[in-house]
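This report reads a set of structural features from the coordinates, moving from a single helix to a sheet and then to charged pairs.

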Amino acid sequence: MSTDAVPSQPAPPALAVSGLTVRCPGADGMVPIAEEIFLTIAPGEAVAVVGESGSGKSVTARAILNLLPHGLESEGTVEFAGESAGRRPRGRRGARIAMVMQDPFTTLNPLHRIRDIVCETLRTPDGKRLGRRERRREAVRRLAEVGIADPAVADAYPFELSGGMRQRVGIAAAIAEEPLVLIADEPTTALDQTTQSEILALLDRLRETRRMALLLITHDLRVAAGVCGRVYVMYAGQVIEELPADRLLTAARHPYTARLAAADPPLDRRLQALPPIPGSVPAPGGRPHGCRFAPRCGWATSACTSDPVTLSDLGTGHQVRCARVGESLDLTHTRDLAEVTPGPAPTGEPIIVLREVTKRYGHKLAVDGVDFEVHAGESVGIVGESGSGKTSVARMMVGLEPVTSGSLEVRGIDVTSSKVGRDGWATVRSTVQMAFQDPSSTLNPARTVGGTITETLRLTDVPDRKARAAELLQMVGLDAGYANLRPKQLSGGERQRVAIARALARDPRVLLCDEVVSALDVSVQAHVLNLLNDLRRTLGISLVFITHDLAVVRQIADRVYVMKSGKVVEHGLAGDVLSRPRHPYTQSLIASIPAHA
Amino acid sequence: MADRPVTLSRHTWRTLRARRRQTPLLVVAASCVLVAAAVLMIFPGVAPHDPDLIDGAVAFQSPGSQYWLGTDNLGRDVFSRIVAGTRTGLLGPLILAIGTTLLATLVAVVAGYLGGHVDALTGRVIDVLYAVPPMVVAIVVVGITGGGWWIALAVLLVFGLPINIRLLRSAVIVRARLPYIEAARTSGFSGTRIMVFHLLPTIAAFLVAVFFLTFTYGIVDLSALSFLGLGVPPGASDWGRMIAENRAYLFQNAWATIGPTIAVVLVAVSANVVGDWIYSRYESRGRTR
Amino acid sequence: MRTRDGSIRRGRVGIGMITALVLLTTACAGGGTGASSGPLTSVNMLTTVLPPVLDPRQSSSLASGSLLIALEPLVRYDNGGFKPLLASAIDAPDPTTYVLTIRDGIKFWDGSPFTAEDAAFSIGLHTGADSESINAALFAQVKSVEVTGDDKVTVSLSAPAPQFTAGLAQIGMVSKAFYDKNGKGVGTQDVLNLGTGPYEFATFTPTREVTLKANPGYWGQDGPAVQTLKLGVIGDDAARMNALQSGEYDGMLGVPLPQVASIGRLPGMRMADSADLSVYKFNLNVETKPWDDIRLRRAFQLAVNREAILQGALGGNAELAPTIVPAPVMAGLSGEEAMRAAYTKLGADIVFDLDAARREMAQSSSPDGVSAEVLVTGSDPTLALIVQTAAQDLAKIGIKLTVREVDDQTYYSAVYFGHKTEGVSIDMFSGSAPDASNLPLYVISGANAVTTGGSGTNISDYVNPEVDALLDDSQKLAVDDPRRGAKLIEALTLAQADVPYVPIAFPKVFIAGREGLDTTSLDTFWWMTQWPQALVKA
Amino acid sequence: MASGPGKGVSRTARGSAGPNPAGPALRFLVGRLLGGAAVLLVVSFALFALIYAAPGGAEQALAGPYASAEQRQAIRETYHLDDPLLTQYGHYLRSLATLDFGASFLMREPVTVSLARAAMVTLPLLLSAWGLAMIGGIALGLLAATRRGGAVDRWVSSTVVVAASTPMFATAILLTWLFGVKLGWLPTVGSGQGGIDTLRHLVLPAVAMGTVLLASATRVTRSAVMDVLDSDHVTFARSRGISSRRILGNDVLRNAAVPIVTQAGGLLIALTGGLVVVESVFAFDGIGSLLTQAIGARDVPVIQAVTLALAAAIVLINLAVDLAIFGLDPRVRRGRGRG
């Protein structure tokens, strides 16, 4: 990736933010979410702000544009190319600074055609809005610049385009008035791997051709390192480190940044265990006095917790907010983590066997003739982009979706045949259980955590359900106290663990995980992946792991199936498939993952 | 099935914004009114006079120490009749609200969860009932059959169902597809168990909303019906009927009409206010984000 | 029908105009518009009922107030007697034949002459078993109606009917040619009707409003007294009050009893009252258990406090009723002293004595009390008030009455036609002709009981051969023979002893009018007279 | 890095938009009309059976209390009221098929004439009340939503709650007493003789009917507008420097229009319920009074005609609402279900 040379003469920074604090109404009075944020971007430079959810990075972006939602207040100075934005920056928005938002499916006005969205802000020299024909012509030109060659798209409606297309339209609309700074708030999180790399490449190209400053907000370190020159790392509402991008994954000096980088699963090898970060991000209002990361930091000392820590400059554009910055802490980095040598694939008897299974929704063929097996004690990964049919395969295995044709046997019982009686389903249920993707809706909001698990235990003949529930919670690393909490009081990671505990309540032979970690922060993801590996070892259950993230599947699966548009294009040992892919699609998938150290 | 990966929970600070909403004064006042009305309903004996005592000699007394709101055309004490009127004023709407909530929930949960032809059939039936305004049907049915109070209630109940079923059904359909319900299905729970113990608790807020909305419309519609002389027997101390009977004597004793009107409005407003407040407090529990 | 969008836009424009208008009207003087008291060119009067169709067959008693001033009858009622109008003379050679001489030179509004054929046709509308006319009962005895000469019509009856002349005074004469031309459409909003009267029909909204305009070419001498006349019906009490107060209407013919006090107190409104040929009464059906027991009926009669009902429910706007025929009407026939002696005796028999009532109750077939549901109709709120007042006293002796309000149809079908009540009913029965025999023939004549296949007006199904005999004898006597009155009084006294009903009161008829309108000369049969002349004469 | 032309253009965007655009609209329209017809049939039969079973009959109204039994029987024959229910209904359906709604027993005029006369009085009342409720509701809703949480929002919400809970007849009585009798500004009775006079007569009843529904219109508008204001595409529009006035008109109102239009249909239907009460209090000879009078006289053809007219109007209103949504929301037009 091109790292940008420092601009020759010290032109005023395209964007300079200092002392920016955002408060939101909390229980008693206004509670700060982000404090004393500072950042500068030179024209044409790409800078990233990285942080996990709850770090305040997204609200900072909104504060810069003064687009805070109802009820939030902000203070501090924001300057575009030297002049202060002041309280009413409306004049600046669009012309000087613009934004691309995260979820392409809700960013565009559903009732407007694409050409009207793109050219809405354009004016003729004498200030009038463009006529219909000029709007259409201008839209086609601008869409071409963001990589949409087909002129028909200009007349289409947003709901007729794919996620990637809509994001391109969003970008075209945002840069319509040649802004100095473009803020991209998690622009690719909602997209597939291949589309993600295309959009990032597009943003990079636009930055160069238009000498536009790019501020990329993301939770993905690899994306940040791959696209930007400098990175600000935020944690619990504070900037804790600023460093050049190439040092992010290898030479971070703040413990949190190092552990965060390490927790990111590598693609090329499988680690014994991913180094997790214990505990969870402190919520605004409940933040510790001293260094905010102290409670979770392995190297914390009394100095860290006594008084607030200030930034110290290490030169070459590298600043750290850590009390022990002087000492050289032995921060382990990804490259020196112990690798596990992949043992031979365990050869237990097959539990779930799929032969020529197809699944049709109306006129759309989701799954087209898939063969698949899961053996006892084995961990199988299914990888594919959205729309590849991997989730449909999972749902058929667990009986949530009927099979259109082909055979699907679970411990000898063919679920496709009509005469699967009550006890037939009972054995299927006790053989395979499922954990779901969205942490916020995987648990019943009206029930306590303990209630959910004891309710599921009702189907087993466990004598003392409460004790068994506590035991299950222990098994997934949560203490018994969690039993009487409500799902709303839990973090995303904790909710997924409870979901796994619920699945284990039926002590199944196979645990089916459908994108279980894709909605979690990297550090939390590490926890859950380690938990799943431990459960495999201790309980001897087999895993079916469905994900779109190749690096994650590398860490958990023995064998891997790669699916595209309803077909299995390649399958084999994880090591072979991921390091020496034979099918061109697998190769392009692997290539689209941003390079890393 | 487009299984696009779910985005990170977008703005965690939004969940912080649920400020601790202190109960506003208006809601406290409204609940006092409702409690007072309920007490009067249970102990009508509290009223200063016998509401049905007819005494021609004291007809049309204006409000004074003995008769707080004066007397009506037959010399009955207006205040006592308003107190006695709480029976039909509150009981009717209460029965209507409970009946509608139970029936609408039953139909909505079953149709919403099972889907398929059951849902399609319910949809058709709702379209039929939806096409006929409840008040017109009530007037025609009660008018023709000379039916009493119970028939009026039954008609309003049946024709009040469609709107509420639609409201609950859309809430159920959304929740029936969420992971925690699918998890219950994969765990092997029976359909009924899922509907009652898993689905129902999450739409509790909507049940409250339906209950209070029907209660308020019950007050308004039932008093309108008795205003037209349908439902409650003549001479009964029912607010709607009192308003209808005493409107002709607006000049002798205006309070005989204004009194019950204020009673109807007060109870209806209080029910509305309390209903909205409970709904907003409850609603956050049902939501997943 | 306007398109939806069109109407929305116009609706929005409409709203704009209304608000502008409201501001405009506040500028000019508020209050009513028609209250100018110059020479009376137009009179708007409220009334209680109007016909659904401007056709004599569908209009009886009060509703005919709007018809008889346009479709003139053969003879005009004139305080007690009948003076010839379209018929110059009526001769009755024998009790069962009447010969009518049609006056010549009478023209319809369109100039066509009024002939004997028209007269015969007009009477014929109301005769015959299959007649659809609401007044058929008055001509039940008519066997045939023929034209016997270019200005003569002979009517032959199957039995003597002293009320025949009173019947003639109630039906308007119409044009046979007009009816043949318009058939079923006669009397509807677009067709209206053709008559000879001083006023012509202008506009008509069924049962709601009739406007008439003066007929310049009227054949007779007392021609139209005002240019335009409007008769309106307003069902809602408060709306009626507002209409009178805001001056949209100049008065009301037949003010409902509950509103007599408040309308009377309206500024500039004068009220006159006169005795009405109708009676509020409780009916006790002698065929329905347990009311077939005379002692129970007597207990009921003793426990009804008629004085309290008169003060409370009727607001003093009525007179105590010793029997079912009002005193002045009976006096007109049987002479003052005979009526007074009989009425004081009848009145003395009906006394309010709870102890006596309890004694009767003890010896009756159901000593430990009885309960009954009494139906009332919303169109006469006084019925409900009477039953509520009476129920309070009756409860003291164990008779529990509950009230149920039903719509007119259910009430008529249960009380009058089918007699499907629980034995006790309340009604206000009005006579259909200004003759003393009218009420007794309907109420106590065995022929009108449902059990004998009659019309059902004998609500208590009271069949007493002696009473029937007396009534038949009275029919055979001449119209103004005092002995006819004596027989009627004897029949009423006999019937009263068996308590088939408990007469309560004769309501008064109240007529209200602004200054400049003389309401004193109008009585309960205003609708058979030239009431506009009487109103405007002052 | 491969950054070729976007591959992900979904098929429908290119060339003709998916199956022919009229497909979903036509199928939908026919479905609605058939549904509506079925509804009318069910309603009319239910009514017929009800009146058939009810005590009393048209002959009592026609013949009057003094009529003899034979006369009443004769009338029952002429209007064949004694036939069994199904034959009577069959007879009625046959005449309905030839669009002959029959004549009113009582008023002897074709039912369509009396219905038209009544409709000329009721329609202006209905539409002005509906107009008032919708215009007022949208204005207040917008006001409250754009000043969310402020004094205006709280004030509007509380007054709206009171308006929603006051029965129509209570508002009617209050208005007539205040404006009609006390101040004498406006006529309180009757439907006026055309032109300005009719409009003056319309004000009080329209306001009485409108206030109750003003409340729900405001609530729906407020919540719909607030949802749109919170949505991402409004934030994206503001981030591009588009003026808030233009966003309000072009973005917020258009997106909030769908729930508002659905509500508008619901309001009009609710209004038909309140007709009877308001027409009796203001002595309007509209459809409400016609119905009450017809019930009193068991005038079967008129009862049928009025109820069918109301039911048909409701079916048409629902249809109009769906067509309006078709126009507003391209997703519905392309058969992708409601936005």
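In this predicted model, helix α2 of chain B (residues 25-42) comprises 18 residues and reaches 26 Å from its first C-alpha to its last, close to the 26 Å expected at 1.5 Å a residue. Its buried residues are Val27(B), Ala30(B), Leu34(B), Ala37(B) and Met41(B), and because they cover an arc of only 90° around the axis, they are on the same side of α2(B). An α-helix has 3.6 residues a turn, so residues three or four places apart point the same way. On the other side of α2(B), by contrast, Leu25(B), Val35(B) and Ile42(B) are exposed.

Chain A offers an open sheet of four strands in the order β14-β13-β16-β17, with antiparallel pairing. Strands β14 (364-375) and β17 (413-414) of chain A stand at the edges, and since each has a single partner strand, one side of each is left without a neighbour in the sheet. Between β13 (residues 350-361) and β16 (residues 405-410) of chain A, which run antiparallel, there are five bridges; Arg355(A) has Ser407(A) in β16(A) as its bridge partner. Helix α11 (residues 390-397) of chain A lies across β13, β14 and β16 of that chain, and runs at about 120° to β13(A).

As for the assembly, five pairs of chains are in contact, of which chains C and D share the most contacts. Chains A and C, however, are joined by no contact, and their closest C-alpha atoms lie 22 Å apart.

Side chains of opposite charge can pair when their charged atoms come close. Over all chains, a search of the whole structure finds 64 salt bridges, and the table lists some of them.

| Salt bridge | Closest N to O distance |
|---|---|
| Arg222(A) and Asp264(A) | 3.3 Å |
| Asp55(C) and Arg57(C) | 2.8 Å |
| Asp329(D) and Arg331(D) | 3.1 Å |

The pair formed by Arg222(A) and Asp264(A) in a salt bridge links distant parts of the chain, 42 residues apart, with Arg222(A) in helix α7 (residues 221-227) and Asp264(A) in the loop between α9 (255-263) and α10 (302-306) of chain A. Arg222(A) counts as buried because its relative accessibility is 9%, which falls under the 20% cut-off, and Asp264(A) is likewise buried, with a relative accessible area of 9%. Asp55(C) and Arg57(C) are both buried, while Asp329(D) is buried with a relative accessible area of 2%. Elsewhere, salt bridges that share partners join Arg115(A), Asp116(A), Arg135(A), Arg136(A) and Asp155(A) into one network.

Notes. Residues are numbered from 1 along each chain as its sequence is written. Chains are lettered from A and ligands numbered from 1 in the order in which they are written. This is a predicted model: local features need pLDDT of at least 70, side-chain atom pairs count only at pLDDT 80 or more; totals for chains, interfaces and linings use all residues. Side-chain values use heavy atoms; hydrogens and water are left out. Two strands pair if DSSP finds at least two bridges between them. Helices (H or I, at least four residues) and strands (E, at least two) are DSSP runs, numbered from the N terminus. Contact means heavy atoms within 4.5 Å. Axes are lines fitted to C-alpha atoms, for helices over the stretch in contact, and angles run from 0 to 180 degrees between N-to-C directions. The expected span of a helix is 1.5 Å times one less than its number of residues. Buried means under 20% relative accessible area, exposed over 50%, partly exposed in between (1.4 Å probe, protein chains only). The arc is that of the directions from the helix axis to the C-beta atoms. A salt bridge is a side-chain nitrogen of Lys or Arg within 4 Å of a carboxyl oxygen of Asp or Glu.
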